[in-house]
Amino acid sequence: MVGLLHSIEIAIGATCLGLLIGTGGAFGKLYGGPVTRDLLAVYTTVVRAVPELVLILLLYYAGTDLINQLLTAMGYQRVDISGLAAGIFVLGVVQGAYSTEVIRGAILSIPQGQIEAARAYGMPPLLMLRRITVPAMLPFAIPGLANLWLIATKDTALLAVVGFFELTLATRQAAGVTKAYLLFFVAAGALYLGLTLFSNLIIGRVEAWSRRGMPSVKEAR
């Protein structure tokens with residue numbers, strides 16, 4: 001259960017960080033200058049092309065080593081970086097690349113007439129973002145972002161290779177000590193399944209809330 005708690009903490013932190021990166025990345029790709037768009041294109045392409053396990057190993061070990069080298073060069077002592085913070089950062093960077101494309105696609109799905117009407121009324125950019133862009137894009141973005149959340153809960157298992165104590169590592173250690181492999185791995189699978197079912201329940205309610213006032217698929221038929 002402690003391992004499950006750590007997995008949930010990392011998944012929540014990584015998803016929030018990924019949303020921040022993804023929102024900035026999506027607006028940068030859509031409205032940024034040529035340099036910004038090219039840099040973001042490189043970021044999303046590299047992250048989505050390289051296997052996540054390789055990225056985790058690279059960012060976890062090389063990233064922490066780079067930080068300590070910079071601190072040493074500036075005259076500071078080396079620091080021990082928290083495994084929780086490192087795990088959130090690593091998975092957040094991965095989530096950010098996928099979130100960028102999900103949010104960018106959701107923004108492009110907004111009917112252009114709504115944006116033009118807001119501009120015609122003289123709405124400033126921040127007000128148009130709050131009243132038009134975000135509410136209109138949510139129904140298109142939530143399914144993709146929900147999938148990324150579920151992926152994040154499973155990707156926490158990859159952190160076991162760097163020794164972070166989450167559900168998979170806790171299960172492997174318990175099974176190795178007791179030799180009850182079937183019992184502990186089935187229990188871990190049940191916990192992952194329970195987390196997924198609970199997440200689906202919450203996601204369904206959020207999606208229904210975001211689509212309030214919109215015609216349902218049944219009504220469209």
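Contacts between residues far apart in sequence dominate this predicted model: of the contacts in the protein chain with a separation of 6 or more, 76% join residues 24 or more positions apart. The chain itself is built from 9 helices and 0 strands, and reading along the sequence gives the pattern α-α-α-α-α-α-α-α-α. Its C-alpha trace spans about 65 × 50 × 25 Å along the principal axes. Of the 221 residues, 35% are buried.

The helices can be set beside the database annotation. In an unreviewed entry, UniProt places the feature "transmembrane region" at residues 7-28, 40-61, 81-98, 132-150, 157-175 and 181-203. Two of these stretches make a handy pair to look at in the model. Residues 7-28 are 100% helix and 0% strand, with 31 Å between the end C-alpha atoms. Residues 132-150 are likewise 100% helix and 0% strand, and here the end C-alpha atoms lie 28 Å apart.

Turning to the interior, the largest nonpolar core comprises 14 residues, and I103 and M137 have the most contacts inside it. Two or more residues of this core come from each of α4 (83-108), α5 (112-120) and α6 (125-155). The biggest contribution is that of α6, which gives 7 residues. For M137, the contacts beyond four places in sequence are with I103, A106, I107 and I110. Another core lies apart from this one; it has 10 residues, including I56, Y60, A86 and L159.

M137 turns up again in the open space of the model. The largest pocket holds about 300 Å³. Its lining counts 14 residues, of which L19, M137, L138, I142 and L145 are the closest to the centre. At least two lining residues are supplied by each of α1 (2-31), α6 and α8 (181-210), and α6 provides the largest share, with 7 residues. In chemical terms the lining is made up of 13 nonpolar residues, 1 polar residue and no charged ones.

The second largest pocket encloses about 250 Å³ of space. Among its 13 lining residues, those closest to the centre are Y31, I115, R119, M128 and T133. Here α1, α4, α5 and α6 each supply at least two residues, and α6 gives the most, with 4. The classes in this lining are 10 nonpolar, 2 polar and 1 charged. Thus α6 gives the most to the largest nonpolar core, and the largest share of the lining of the largest pocket as well as of the second largest.

A closer look at F27 rounds off the picture. This residue is found in helix α1. Is F27 buried or partly exposed? F27 counts as partly exposed because its relative accessibility is 23%, while the term buried is kept for values under 20%. Leaving out residues up to four places away in sequence, F27 touches G32, I107, L129 and T133. Two of these partners have appeared above: I107 is in contact with M137, and T133 is one of the residues closest to the centre of the second largest pocket. Looking back along the chain, I12 is 15 residues away from F27, and the C-alpha atoms of the two are separated by 23 Å.

Technical notes:
Residues are numbered from 1 along each chain as its sequence is written. This is a predicted model: local features need pLDDT of at least 70, side-chain atom pairs count only at pLDDT 80 or more; totals for chains, interfaces and linings use all residues. Side-chain values use heavy atoms; hydrogens and water are left out. A nonpolar core is a set of buried Ala, Val, Leu, Ile, Met, Phe, Trp, Tyr and Cys residues joined through side-chain atoms within 4.5 Å. Buried means under 20% relative accessible area, exposed over 50%, partly exposed in between (1.4 Å probe, protein chains only). Contact means heavy atoms within 4.5 Å. UniProt positions are given in the numbering used here, feature names are shortened, and annotations may be inferred rather than shown by experiment. On a 1 Å grid over the protein atoms alone, a cavity is a set of points where a 1.4 Å probe fits but cannot get out, and a pocket is an open set with protein on both sides within 12 Å along at least five of seven lines; lining residues have an atom within 4 Å of a point. Grid points are joined across faces, edges and corners, and a volume is the space filled by probe spheres set on the points. Ala, Val, Leu, Ile, Met, Phe, Trp, Tyr, Cys and Pro count as nonpolar, Asp, Glu, Lys and Arg as charged, and the others, Gly among them, as polar.
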